[in-house]
Amino acid sequence: DEIARLTPTFSGVSYKKLDALGSIQWPCNEDAPDGTPTMHIDAFVRGKGRFVITQFIPTPEKVTQRYPLILTTGRILSQYNVGAQTRRTENVRWHKEDRLEIHPHDAEDRGIRTGDWVGIESRAGQTVLRALVSDRMQPGVVYTTFHFPESGANV
């Protein structure tokens, strides 16, 4: 029951309550003694958001003859992090595998078409991904997600 003593949003949580309810969605406190099934219905807890201006720091990664493209990784809406939870849902209908997005000019220069299996290598490692030719990428930049650990895209 330590978390209830230390964290106000969990003040109503106890092992006894967890055993009785099976699971509890936070916050679980005086205002919501059985937890909160849906959060942020009327408003967000601390307002709409807090934006902070940060200084741009360019990447130390530079293109070279051996590594002529910049590889960047990121997330998509239908998956979360490495997909440990979301890959077990129907979300895989929208995103079944990590793909390598490549600009049409870069793809043409390398003879790559959408659906081709492409071997990629960076200073950190290598993997093979299916290509997706897309003008979402700037020339010289390739992109992939890292929601499927077996792809090795974010090792």
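1. **The aromatic pair.** One aromatic pair turns up in a search of the whole structure. Its members are Phe 10 and Trp 26, with ring centres 6.4 Å apart and planes at 40°, so the pair counts as tilted. The tilted class takes what is left between stacked, under 30 degrees, and edge-to-face, over 60. This is a predicted model, so read every value below as computed from predicted coordinates.

2. **What the pair connects.** Phe 10 sits in the loop between α1 (2-6) and α2, and Trp 26 sits in the loop between α2 and β1, so the pair ties together parts that are 16 residues apart in sequence. Are the two rings' residues buried or exposed? Phe 10 is partly exposed, at 23% relative accessibility. Trp 26 is also partly exposed, with a relative accessible area of 38%. The cut-off for buried is under 20%, so neither residue qualifies.

3. **A cis bond next door.** The peptide bond from Trp 26 to Pro 27 is cis, with omega near -10°. Pro 27 belongs to the loop between α2 and β1. Glu 30 is found in that loop too, which runs between α2 (15-21) and β1 (70-74). Glu 30 counts as exposed, because its relative accessibility is 79% and the threshold is over 50%. Its C-alpha atom is 9.6 Å from that of Phe 10, though the two residues are 20 apart along the chain.

4. **Overall layout.** The chain contains three helices and five strands. In sequence order the pattern is α-α-β-β-α-β-β-β. Of the 155 residues, 27% are buried. The chain exposes about 11,900 Å², and carbon and sulfur atoms supply 54% of that area. Take the contacts between residues at least 6 apart in sequence: 55% of them join residues at least 24 apart.

5. **Sheet order.** The five strands form an open sheet, ordered β1-β5-β2-β4-β3, with mixed pairing. β1 and β3 stand at the edges with a single partner strand each, so one side of each has no neighbour in the sheet. On average, neighbouring strands of this sheet are turned by 40° against each other, direction ignored.

6. **Pairings on the β1 side.** Strands of a sheet pair through backbone hydrogen bonds, parallel or antiparallel. β1 and β5 run parallel and are joined by five bridges. Here Thr 72 stands opposite Tyr 143 in β5. β5 then pairs with β2 in the antiparallel sense, over two bridges. Ile 102 stands opposite Val 142 in β5. How much of strand β5 is buried? Four of the five residues in β5 (residues 141-145) are buried, so this strand is largely enclosed by the rest of the structure.

7. **Pairings on the β3 side.** Strand β2 (residues 99-102) and β4 run parallel, joined by four bridges. Glu 101 has Leu 132 in β4 as its bridge partner. β4 (residues 126-133) runs antiparallel to β3, with five bridges between them. Val 118 has Leu 129 in β4 as its bridge partner. A hairpin of four residues joins β3 to β4.

8. **Two faces of β3.** In a regular strand the side chains alternate between the two faces of the sheet. Strand β3 (residues 117-121) follows suit. Val 118 and Ile 120 point to one face and are buried. Trp 117, Gly 119 and Glu 121 point to the other face and are not buried.

9. **The nonpolar core.** In soluble globular proteins, nonpolar side chains tend to be buried together. Here the largest nonpolar core has nine residues: Leu 100, Ile 102, Ala 107, Ile 112, Val 118, Ile 120, Leu 129, Ala 131 and Val 142. β2, β3 and β4 are the elements that give two or more residues to this core. The two buried residues of β3, Val 118 and Ile 120, are both members. Val 142 is a member as well.

10. **Leu 129 up close.** Which residues does Leu 129 touch, not counting those up to four places away in sequence? Val 118 and Ile 120 are among them, as is Leu 100. The list also includes Asp 98, Arg 99, Asp 116 and Trp 117. Thr 144 and Ser 151 complete it. Leu 129 is thus a core member that also touches residues such as Asp 98 and Ser 151.

Technical notes. Residues are numbered from 1 along each chain as its sequence is written. This is a predicted model: local features need pLDDT of at least 70, side-chain atom pairs count only at pLDDT 80 or more; totals for chains, interfaces and linings use all residues. Side-chain values use heavy atoms; hydrogens and water are left out. Buried means under 20% relative accessible area, exposed over 50%, partly exposed in between (1.4 Å probe, protein chains only). Contact means heavy atoms within 4.5 Å. Accessible areas come from the Shrake-Rupley method with a 1.4 Å probe; for residues, only the protein chains shown count as cover. Two strands pair if DSSP finds at least two bridges between them. Axes are lines fitted to C-alpha atoms, for helices over the stretch in contact, and angles run from 0 to 180 degrees between N-to-C directions. A nonpolar core is a set of buried Ala, Val, Leu, Ile, Met, Phe, Trp, Tyr and Cys residues joined through side-chain atoms within 4.5 Å. Rings of Phe, Tyr and Trp (its six-membered ring) pair if their centres lie within 6.5 Å; planes under 30 degrees apart count as stacked, over 60 as edge-to-face and the rest as tilted.
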